Amino acid sequence: MGLTNQSTGSSLLGNGTIIDRTSCSGFIIALSGNPNVGKSTVFNSLTGLNQHTGNWPGKTVATCYGKYKYKNKNFILVDIPGTYSLMANSAEEEIARDFVCFENPDATVVVTDATCLERNLNLVLQTLEITGKVVVCVNLIDEAERKKIHIDCKKLSDRLGVPVIATNARSKRGLDELTDAVYNIALGFVRANPLQITYDETIEQAIELIRPAVREVTGGKINDRWVSLRLLDGDASLLESLNKFLGFNIPDNSILRQDLKKARQFLEQNGINADQLRDRIVSRIISISEEICRDAVSFGNKQYNDTDRKIDSILTSKIFGIPVMLALLAVIFWLTIAGANYPSELLANLLFGIEDRLTDIFISLNVPGWIHGVLITGTYRTLAWVVSVMLPPMAIFFPLFTLLEDLGYLPRVAFNLDNFFKKACAHGKQALTMCMGFGCNAAGVIGCRIIDSPRERLIATITNTFVPCNGRFPTLIALSAIFIGGMANGASGSLVSTLSLTAVVLLGITITLVVSKILSKTILKGLPSSFALELPPYRKPQVGRIIVRSILDRTIFVLGRAAAVAAPAGFIIWIMANVRVGGVSILAHTAGFLDPFGKLLGMDGYIILAFILGLPANEIVLPIIIMSYMASGSLIEYSGMEQLRHILVSNGWTPLTGICVMLFSLMHFPCATTLWTIRKETRSMKWTLISFAVPTAAGIIACFIIANAARFLGLA
Amino acid sequence: MKENLIELKNLPLGRTAKVKHLSSIGAARRRLLDLGLINGTVVEAMHKSPSGDPTAYNIRGAVIALRSEEASKILVELN
């Protein structure tokens with residue numbers, strides 16, 4: 001959840017690679033498990049930095065995979081979505097089931113939470129119904145021991161009939177045993193004898209009624225008993241997958257269709273309708289889990305989650321819940337703002353120092369002035385600007401935010417805010433996708449997959465851009481420091497800009513709720529769907545891993561993307577500013593054309609142009625504005641906030657301009673990457689266009705009202 | 001017998017109760033079943049969100065937040 005490695009990491013770009021069994025030699029290992037069981041820690045610990053993202057055949061959902069070697073054999077570990085069940089109640093469960101079922105992994109590792117094993121066994125037992133090539137990983141064993149929960153893995157293994165390994169992935173405890181067990185199962189050195197679940201007599205008879213026909217159709221390619229049970233349960237998505245992966249068209253098979261009808265009638269006659277069948281299947285699995293746990297798990301202390309309760313009684317309490325949340329947000333912003341200033345200047349000195357050296361080289365080589373202009377004053381300087389303004393805040397913000405995520409705080413945010421989302425007819429998990437949006441809106445849009453209901457998923461997708469992403473933070477921070485914090489002095493200045501930034505984020509949340517409500521009452525009519533949110537136990541964060549992963553996966557990635565866009569943008573702007581038509585540059589022509597519209601919204605033509613040119617990445621909006629104001633059409637060297645303030649003010653900026661730019665930055669079309677992601681996720685041009693139009697309209701309306709009200713009241 | 005049954009949303013904080021009847025349907029029902037909430041499951045009301053809804057329940061050792069709409073469809077018997 002939150003800013004997962006997958007959601008902000010390089011996986012956003014992973015759209016081409018495909019895990020192809022024929023081309024990569026290695027054993028394919030599926031890694032499954034409930035959400036919040038430390039699955040990604042197991043994944044990271046086993047594969048280290050040897051990770052890739054890619055799509056596996058047939059589906060377009062990015063799945064993370066990584067490689068490791070053991071006893072001279074290659075293993076490909078595929079991280080499949082965390083789910084509670086394989087009964088395909090949601091898109092993610094379908095993906096998980098399809099992988100275990102149809103990709104024929106050489107082994108499936110089911111990661112479970114030792115502190116809550118009974119619930120986790122549900123998924124283990126469902127997996128065992130499909131395949132016997134399973135290794136159960138009882139993770140978080142240290143935490144269980146601290147909570148005085150004792151787990152007898154030997155007994156568990158005897159009952160389940162597959163290897164059971166206790167691990168604590170964070171400290172790498174048990175991982176050698178895990179890789180060894182996986183090796184033995186994958187290579188067939190250990191033959192598992194998986195527990196066979198038997199249901200009550202009536203259901204068993206019904207299974208036998210259709211099993212011969214199923215066996216006939218599937219030809220032993222898949223566990224026929226399990227397929228029979230799923231067909232009885234009316235699992236439509238399995239029919240689709242059987243067709244897609246194996247080419248079995250079951251509805252076309254008249255014998256099977258008749259047998260299925262007979263079996264259903266048989267069940268009905270015995271008083272078991274569709275809902276009751278599902279209840280009985282699930283109840284049976286749960287009662288087996290209960291029974292196994294009675295045998296293999298013992299609790300030394302019944303009140304094992306006392307500490308969590310105490311923390312929750314503060315963090316989610318009526319009095320402190322919301323204030324603590326706001327305070328945490330403000331503290332993160334304050335650390336980012338106050339901490340980023342000095343390193344920003346250092347970086348700028350370094351990078352512009354390099355520019356001077358480059359200029360010397362160009363001169364000594366007698367390179368024509370315009371080439372120097374395009375490459376150095378245009379391209380390089382823009383790049384240096386973006387890096388020195390963006391890198392320090394990101395390198396502070398991302399690890400801090402990951403820390404909250406690692407602690408288990410983000411689900412509490414969703415819990416605290418859920419009632420607001422309910423009133424907006426939206427899903428409570430939208431708060432989580434918004435948190436992901438802080439890192440990157442494209443990541444937030446992908447994160448919307450955690451919302452099952454399509455209507456609420458679309459609402460969360462369309463409104464995600466109202467959360468300022470990392471690319472917009474530097475702009476918001478700089479402007480709030482100049483035009484709002486600037487009114488105060490020194491230390492209180494950074495306090496004031498922190499508060500104003502927090503206010504901007506709160507405004508974004510409010511707009512999200514209002515727009516969600518409007519969408520729910522107009523084009524996305526409907527009632528809130530069901531909601532069950534797990535509040536996982538608080539966990540001690542792994543500071544080392546947080547720093548490494550947030551720098552590697554997030555900072556470098558986001559910065560790389562910004563740089564990749566900033567460099568060509570600098571190039572284009574330099575040309576636009578230096579090619580003249582009728583004595584006036586193309587840049588000035590375009591800005592002049594946009595100027596009346598800009599003025600109407602409290603801004604000017606250059607600012608509007610910068611937002612339009614900033615479509616590839618929001619990071620470059622402010623640099624483009626600055627660049628356009630420079631008569632030479634290139635950026636000046638960045639040397640601090642005061643200089644920035646001077647440029648803006650001398651180009652006619654007032655506090656009203658600053659506020660309108662901040663508002664429009666908060667509310668305008670999503671960047672190109674996000675739009676592309678929305679197109680991919682919704683598979684619809686219509687919703688992509690709506691996602692473009694809704695925030696833009698909101699921004700235009702807000703700026704228009706603010707600008708004209710201020711003018712009318714004589715404030716600006 | 002029916003008199004002893006209350007809706008889960010009315011279960012006082014800190015009290016435990018046994019699930020007796022589940023009237024949710026479709027996806028909501030399947031979600032609850034996945035979480036291990038079936039007839040006979042013991043549930044404890046733990047704490048409420050700042051605005052009073054949703055409420056966090058201890059279901060088989062995991063803390064699960066349910067909105068009052070969901071919790072009203074679960075009938076429980078006080079322990």
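Where in chain A is Lys71(A) found?

**Figure 1. Lys71(A), out in a loop of chain A.** The answer to the opening question is the loop between strand S3 (62–70) and strand S4 (73–79) of chain A. Keep in mind for every view that this is a predicted model. Zoom in on the backbone here and you'll find that phi of Lys71(A) is near 45°, a positive value in a residue other than glycine. Why point that out? Because most residues other than glycine have a negative phi. Is Lys71(A) buried or exposed? Count the neighbours: Lys71(A) has 9 other C-beta atoms within 10 Å, so this residue is exposed, given that 12 or fewer is the cut-off for that word.

**Figure 2. Leu140(A), another residue with a positive phi.** Leu140(A) isn't a glycine either, and its phi is near 60°. Look for Leu140(A) in the loop between strand S6 (134–139) and helix H5 (141–146) of chain A. This time the neighbour count is 28 other C-beta atoms within 10 Å, so Leu140(A) is buried; the cut-off for buried is 20 or more.

**Figure 3. Chain A as a whole, before we zoom back in.** Let's step back for a moment. Chain A has 29 helices and 12 strands, and its C-alpha atoms fill a box of roughly 90 × 55 × 55 Å along the principal axes. Buried residues account for 51% of the 716 in this chain. Does chain A match or miss what you'd expect of a compact globule? Such a globule with 716 residues would have a radius of gyration near 27 Å, and chain A has 29 Å, so the two agree. Now take the contacts in chain A between residues at least 6 apart in sequence: 74% of them join residues at least 24 apart.

**Figure 4. Helices H14 and H15 of chain A, side by side.** Here you're looking at H14 (residues 321–364) and H15 (residues 369–407), whose axes come within 8 Å. The axes cross at roughly 155°, and an angle over 145 counts as roughly antiparallel, so that is how H14(A) and H15(A) run relative to each other. As for handedness, H14(A) passes H15(A) in a right-handed crossing.

**Figure 5. Helices H19 and H29 of chain A, packed at an angle.** H19 (residues 454–463) and H29 (residues 685–712) have axes 9 Å apart, with an angle of about 45° between them. That makes H19(A) and H29(A) oblique to each other, and H19(A) passes H29(A) in a right-handed crossing. Which residues meet here? From H19(A) come Leu458(A), Thr461(A) and Ile462(A), and from H29(A) come Trp687(A), Ile690(A), Ser691(A) and Val694(A).

**Figure 6. Where chain B touches chain A.** In this view, 28 residues of chain B are in contact with 34 residues of chain A. Helix H1 (26–34), strand S3 (42–48) and strand S5 (62–66) of chain B each supply at least two residues of the side that touches chain A. The largest share of that side, seven residues, comes from H1(B). The model scores ipTM 0.93 and pTM 0.80, and chain B averages a pLDDT of 88.

**Figure 7. A cis peptide bond in chain B.** One last close-up: the bond joining Asp53(B) and Pro54(B) is cis, with omega about 0°. It's worth a look because most peptide bonds are trans. You'll find Pro54(B) in the loop between S3 and strand S4 (55–59) of chain B.

Technical notes
Residues numbered from 1 in each chain as written. Chains lettered and ligands numbered in written order. Predicted model: local features only at pLDDT ≥ 70, side-chain atom pairs only at ≥ 80, totals over all residues. Helix = DSSP H or I, 4+ residues; strand = E, 2+ residues; numbered from the N terminus. Rg over C-alpha atoms; globule rule 2.2 N^0.38 Å. Contact = placed C-beta atoms within 7 Å. pLDDT = per-residue confidence, 0-100. Axes fitted to C-alpha atoms, helices over the stretch in contact; angles between N-to-C directions. Parallel < 35°, antiparallel > 145°, perpendicular 65-115°, else oblique. Left-handed = near helix turned anticlockwise from the far one by under 90°.
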